[in-house]
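Here are some notes to read beside the model. They go point by point, starting with one term that a later step relies on.

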Amino acid sequence: MTEVIQKTLRDSAALRWTALLLLALAMFCAYIFMDILSPIKDLMAQAYPVGRGWDSTAFGTMQGSETFLNVFVFFLIFAGIILDKMGVRFTAVLSGAVMLAGALIKYYAISTAFHGSGIEVWFTNHLNHIPVFEQLGVSPFYEGMPASAKVAACGFMIFGCGAEMGGITVSRGIVKWFKGREMALAMGSEMALARLGVATCMIFSPFFAKLGGHIDVSRSVAFGVVLLCIALIMFIVYFFMDKKLDAQTGEAEEKDDPFKVSDIGQILKSSGFWLVSLLCVLYYSAIFPFQKYAVNMLQCNLTFEPVPEGSFWASTSVTIIQYVIMLIVAATAFMFNFIKNKPAKYATMALSILFLVGYCYMGYMRQSAESIFAVFPLLAVGITPILGNYVDHKGKAASMLVLGSLLLIACHLTFAFILPLFKGNDLGGVVVAYVTILVLGSSFSLVPASLWPSVPKLVDAKIIGSAYALIFWIQNIGLWLFPLLIGKVLDATNPGVTDPTRLNYTAPLLMLAGLGVAALVIGLILKVVDKKKGLGLEEPNIKA
Ligand SMILES: NCCCC[C@H](NC(=O)[C@@H](N)CCCCN)C(=O)O
């Protein structure tokens, strides 16, 4: 008698990768919105109608608001509980709707309709002091903050809740569909698409703001809002796939064996969980906050020759060509994971490296810090899935965390002490900058590709959502604190410097290298604990 094996959606590679694509595309859109105003800080500083009159403090306060509710109102903890109680599909759609609601508020604050409205008058006169937060010294607004920045910050806080909720939901969704299969490759691919989102935003936000020769900053935000509508649609389509999967497996995770708040105690008792969380906050605090200052750090340490107006290197078409090259690098690097034939595999890799070199050359010819730093997310796009694939088949996640921290330290020290030696040496400085950024990009692939897929090895599947939420919450404290600290250290170590391209970045870079040292120590302890307790972090995800 032939046995009939019941196949579910996740047994089909095409369908589980489709589920991943839906989740990853939604996060791609979310990452674009996260940084939508970052590349147009200079435009936002100009007076209305070109910009909105935001000085650096207003801009920085608005940018920092993304993590505010997650950290200080513990929203992420609630998000984790919602995820464990309600399941992946419900939370995915909820996070998409919350992101969109926050984004619409931010769009309204920056639109021309807000200017001169009653709401603008109200916000100008209110919310300058919020006693409960002021006592903690963490007020989200300040006296004199432009009303548009305040309302945009409110929207961004709400968006941040949705985005981080989306982040933990997607992680849990990937565990649900890929556990025991190519889980790290799937997580690596999702993060690669997120990095592509950052690069897309860096290129297209200024493009939309300046479209047609007439500056309108709200167009950039509108572009982000449209993408978040697409993100919500992706989550809704995923909802139906996930529902079908549960119907097939009969898992109904939210009904059987329901989550209890007391389960969180179980997570907190795991030493592996604490070590991974600490490593996460230390490592990411030396990366994401640095990303916000990196362009300025390069401007301070490199010498750029202005590119003549009207030349090819100053044109819009070069932006588009660079973006297309970026997509080719990403696509060829991704294909590398799936090609079995060895010569074809290495030919694809060579092609990817060739286009990467072309991309770097274009960055150099454009003579701007932004175009040089744009290679940072690109390298992560290319190699995060490759490293994820390695973790799936060979393991070694804890060793990769140690190596990633070592590279992080080396890069920040190079930026602090070696790069300034090349000031005035155009080509030498750019080569040192590119090599260091590329090494930092490898580190930024090693750690995420090994850290996130390790979490399911540390806690029970039933409470994985809360575990991811707790890690994100701890990480968000660092993401809120370190951009502020970098600014303060910069001010303290550069008294009287008024030219923003002449700042000395040694002290903040040393602080970031210090975070790397702490992450390295935690990584080494994690390796010891892993061996002693048999956590399985060095083991492959796919057992032959
Ligand atoms: N499925 C998501 C895995 C985590 C990816 C990770 N993102 C984060 O850690 C976010 N909490 C922080 C995003 C902050 C951006 N402003 C990543 O490596 O991107």
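1. A definition comes first: two helices count as roughly antiparallel when the angle between their N-to-C directions is over 145 degrees, and as roughly parallel when that angle is under 35 degrees. Keep in mind throughout that this is a predicted model.

2. Take α6 (residues 88-110) and α11 (residues 217-249) as the case for that term. Their axes are 9 Å apart, and the packing angle is about 170°. An angle of about 170° is over 145 degrees, so α6 and α11 are roughly antiparallel to each other. In the contact between α6 and α11 there are 22 nonpolar residues, 3 polar ones and 4 charged ones.

3. A second pair is α1 (residues 13-34) with α10. Here the axes come within 8 Å and cross at roughly 30°. That angle makes α1 roughly parallel to α10. The crossing of α1 past α10 is right-handed. On the α1 side, the residues that meet α10 include Leu-20, Leu-23, Phe-28 and Tyr-31; on the α10 side, they include Ala-186, Glu-190, Leu-193 and Cys-201. Sorted by class, this contact has 15 nonpolar, 3 polar and 1 charged residues.

4. How do α5 and α9 pack? The axes of α5 (residues 75-86) and α9 lie 10 Å apart, at an angle of about 40°. The two helices are therefore oblique to each other. As with the previous pair, the handedness can be stated: α5 passes α9 in a right-handed crossing. From α5 come Phe-75, Leu-76, Ala-79, Gly-80 and Leu-83. They meet Cys-161, Glu-164, Met-165, Ile-168, Thr-169 and Arg-172 of α9. The class count for this contact is 7 nonpolar, 2 polar and 2 charged.

5. The next point is the ligand. Which residues are the closest to it? They are Gly-167, Val-170, Ser-171, Pro-448 and Phe-472, out of 15 residues that surround the ligand. At least two residues of this shell come from each of α9 (147-178), α10 and α21 (464-493). With 4 residues, α9 gives the most. The shell divides into 10 nonpolar, 3 polar and 2 charged residues.

6. The domain assignment splits the protein chain in two. Domain 1 covers 7-304 together with 368-533, and domain 2 covers 305-367. The C-alpha centres of the two domains are 24 Å apart. Their contact takes 22 residues from domain 1 and 17 from domain 2.

7. Which elements of domain 1 give two or more residues to the side that touches domain 2? They are α10 (183-209), α17 (369-373), α18 (375-394) and α20 (426-451). The most comes from α18, with 8 residues. By class, this side of domain 1 has 17 nonpolar, 4 polar and 1 charged residues. Note that α10 has now appeared in three places: against α1, in the shell around the ligand and on the side of domain 1 that touches domain 2.

8. Two details of the backbone deserve a look. The peptide bond that joins Tyr-48 and Pro-49 is cis, with omega about 10°. Pro-49 sits in the loop between α2 (41-45) and α3 (56-64).

9. The other detail is Leu-127. This residue has a positive phi of about 65°, although it is not a glycine. Leu-127 belongs to the loop between α7 (118-125) and α8 (131-136).

Notes. Residues numbered from 1 in each chain as written. Predicted model: local features only at pLDDT ≥ 70, side-chain atom pairs only at ≥ 80, totals over all residues. Domains from an automatic or database assignment. Contact = placed C-beta atoms within 7 Å. Nonpolar A, V, L, I, M, F, W, Y, C, P; charged D, E, K, R; others polar. Near = placed C-beta within 6 Å. Axes fitted to C-alpha atoms, helices over the stretch in contact; angles between N-to-C directions. Parallel < 35°, antiparallel > 145°, perpendicular 65-115°, else oblique. Left-handed = near helix turned anticlockwise from the far one by under 90°.
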